[in-house]
Amino acid sequence: MLKVNDINVYYGNIHALKGVTLEIHPGEIVTLIGANGAGKSTLLKTISGLLKPKSGEILLEDEHVAGKVPQLIVKRGISHVPEGRRVFANMSVEENLELGAYLRKDKNGIREDFEKVYQLFPRLQERRKQLSGTLSGGEQQMLAMGRALMARPRLLLLDEPSMGLAPLLVKTIFRIIEEINQTGTTILLVEQNANMALSIANRAYVIETGKIVAAGTAAELGESDQIRKAYLGGH
Amino acid sequence: MFPIPFRKGVAFMEQLIQQLVNGISLGSIYALIALGYTMVYGIVKLINFAHGDVFMVGAFIGFYSITVMDLGIFPALLVSMAACALFGVLIERIAYKPLRNATRIAALITAIGVSLFIEYGTIYIRGAQPEAYPDGIVPLKSIDLFGVSISGQSLLILGVAIVLMILLQYIVHKTKIGKAMRAVSHDQDAARLMGINVDNTISATFAIGSALAGAAGVVFGIYYTKIEPLMGIIPGLKAFVAAVLGGIGIIPGAMVGGLLLGVIEALVSAAGFSLWRDGVAFVVLIVILIFRPAGLFGKNVREKV
Ligand SMILES: Nc1ncnc2c1ncn2[C@@H]1O[C@H](COP(=O)(O)OP(=O)(O)OP(=O)(O)O)[C@@H](O)[C@H]1O
Ligand SMILES: [Mg+2]
């Protein structure tokens, strides 16, 4: 469904992604794990069009989308839940969700998706009129995910959804990610919580200082000694 | 028979109410201009010092619409608003957009340059001589309130300001473009991820802010009659003070700040210090910057991480 082919991304002189290649098949949960500063967020931002790669290609189905504006990427069915949630704090929960459907014109479809999001996150329905800046961290994460789902994406990019959440809430969020996947949405999940990520993913990539250093099924990587040492707190 | 202080008291009350009415009229003009400052600041963090000059251009377009094109005041108002909207977008696209990622000081200096360019460009094109809005164009009669007569012009200003502010609130809170404006002013990248076109949204903000300044220019001309190419400087500065007073970036703040500043000025005049009229705005600015730099409506919104 998505092929990232040998992309190079720079911030000024900093070479943040060095020839990254990866592939995501329809229906999968693929996870990308790596330490702080490895380039995980940079990769997601490049896929969603916030950053332009200097070279390399990104293919969505058969369309070249590298360097295209985010507007077009969203329209093509990729939604990005950014690191740190980035909800519109000055707007209500409901307005945040409406903005998620910004490019859509199908009123009935949008109404259905409101229902679906509220089913997935009943907490959001209770707080419909509340300013999103006053939500708890976990609720903001739910809102950020719900907002992305309002675009009816085929591929959902999630950047560290478990960041800063209590263990119980992390479990809930991961269960919901699986639920979203089961309704047919493909998922690329960036995580530092490698244990949890590998437990729900089909396949995984490991990124270190801008390079993919390992790839395989989640089970394979979960058993590799090297990976266990570096990312799973194993010995 | 009747004690003189009583008569004096009535006269004083009448004078006070009269000054309040004047203050509210003037304040409505400040408020309309301040809205543009605050909206633009909210979305691109730029103090658009050319905004007062858009107000001046609006006054002239209104004047020519009435005198040359023979339009009534409401059509003239609309023409001026539309032309200023376009003018505002042009200024943004040509002067500010290329500097979107430059330092703030570069953008600020550019804004001052744009301001001077518009002022002296206007003088170059039509000369520096003032014009006078024609008499008797306001279709409203004056009314009596507590023995004070409120002129048709005052009523017109108030009516125009109220209608435009309600319309603005509606646009900002209920329409798609309004929601996009609020999203972009909060977080540009997050707005992009929703599929919002940030450039167009910024242009729309300039368009709306400039249209309000254009309307302010026309009602100013109707109320004060005299207009000239440098007329935007002082009201522009005062509207800026009004925006800071209310809390820069906050729309209701600009409305309240404008009205408040107008009333303060009128009361200072009424108290017999009319020479201090222009100075008082800057005293207000200093006081607000010392004691409440975020403005009357400003608060520090913390985000959860
Ligand atoms: N705006 C920027 N300007 C300059 N350098 C940047 C910028 N954003 C990221 N970088 C650099 O690019 C590299 C990759 O950053 P990135 O944010 O992609 O890491 P990450 O894997 O998401 O880390 P984390 O787990 O901490 O979120 C880092 O070295 C970082 O310092
Ligand atoms: Mg990151």
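A residue counts as exposed when its relative accessible area is over 50%, as buried when it is under 20%, and as partly exposed in between. A:Lys105, at 72% relative accessibility, is therefore exposed. The structure is a predicted model. The points below cover its surface patches, a magnesium site and its salt bridges.

**Surface patches**

- A patch of positive charge on the surface brings together A:Lys75, A:Lys105, A:Lys107, A:Arg111 and B:Lys176.
- Within this patch, A:Lys105 belongs to the loop that runs between α3 (93-100) and α4 (107-120) of chain A.
- B:Ile24, B:Leu158, B:Ile162, B:Ile166 and B:Leu259 make a nonpolar surface patch of about 390 Å².
- Helix α5 (residues 152-174) of chain B supplies the largest share of the nonpolar patch, 3 residues.
- B:Leu259 is located in helix α10 (residues 251-270) of chain B; its relative accessibility is 33%, so B:Leu259 is classed as partly exposed.

**Magnesium site**

- The magnesium ion (ligand 2) has A:Ser41 (OG) and A:Glu83 (OE) as its protein donors, at 1.9 to 2.0 Å.
- These two donors connect distant parts of the chain, 42 residues apart: A:Ser41 is in helix α1 (residues 40-48) of chain A, and A:Glu83 is in the loop between β6 (78-81) and α3 of chain A.
- A:Ser41 is buried because its relative accessible area is 16%, whereas A:Glu83 is partly exposed at 33%.

**Salt bridges**

- Over all chains, the whole structure contains 25 salt bridges.
- A:Arg152 pairs with A:Glu112, with the closest N and O atoms 3.4 Å apart. This salt bridge joins distant parts of the chain, 40 residues apart, with A:Glu112 in helix α4 of chain A and A:Arg152 in the loop between α6 (137-149) and β7 (155-159) of chain A.
- A:Arg152 also forms a salt bridge with A:Asp113, where the closest N and O atoms are 2.9 Å apart. A:Asp113 likewise lies in helix α4 of chain A, 39 residues from A:Arg152.
- The relative accessibility of A:Asp113 is 4%, so this residue is buried; A:Glu112 is partly exposed at 45%, and A:Arg152 is partly exposed at 41%.
- In chain B, the side chains of B:Arg192 and B:Asp189 form a salt bridge of 3.0 Å, N to O. Both residues lie in helix α7 (residues 188-193) of chain B, 3 residues apart, or about one turn of the helix.
- Through shared partners, salt bridges join A:Arg104, A:Asp106, A:Glu112, A:Asp113, A:Lys116 and A:Arg152 into one network.

How values were computed: Residues numbered from 1 in each chain as written. Chains lettered and ligands numbered in written order. Predicted model: local features only at pLDDT ≥ 70, side-chain atom pairs only at ≥ 80, totals over all residues. Heavy atoms only, no water. Patch = residues over 30% accessible without salt bridge, like charges linked within 9 Å, V, L, I, M, F, W, Y side chains within 5 Å. Areas by Shrake-Rupley, 256 points an atom, 1.4 Å probe, with all protein chains shown as cover. Salt bridge = Lys/Arg side-chain N within 4 Å of Asp/Glu carboxyl O. Lys, Arg positive; Asp, Glu negative; His and termini not counted. Charge placed at Lys NZ, Arg CZ, Asp CG, Glu CD. Helix = DSSP H or I, 4+ residues; strand = E, 2+ residues; numbered from the N terminus. Buried < 20%, exposed > 50% of the residue type's maximum accessible area, 1.4 Å probe, protein only. Donors = N, O, S within 2.8 Å, 3.2 Å for Na, K, Ca; no water.
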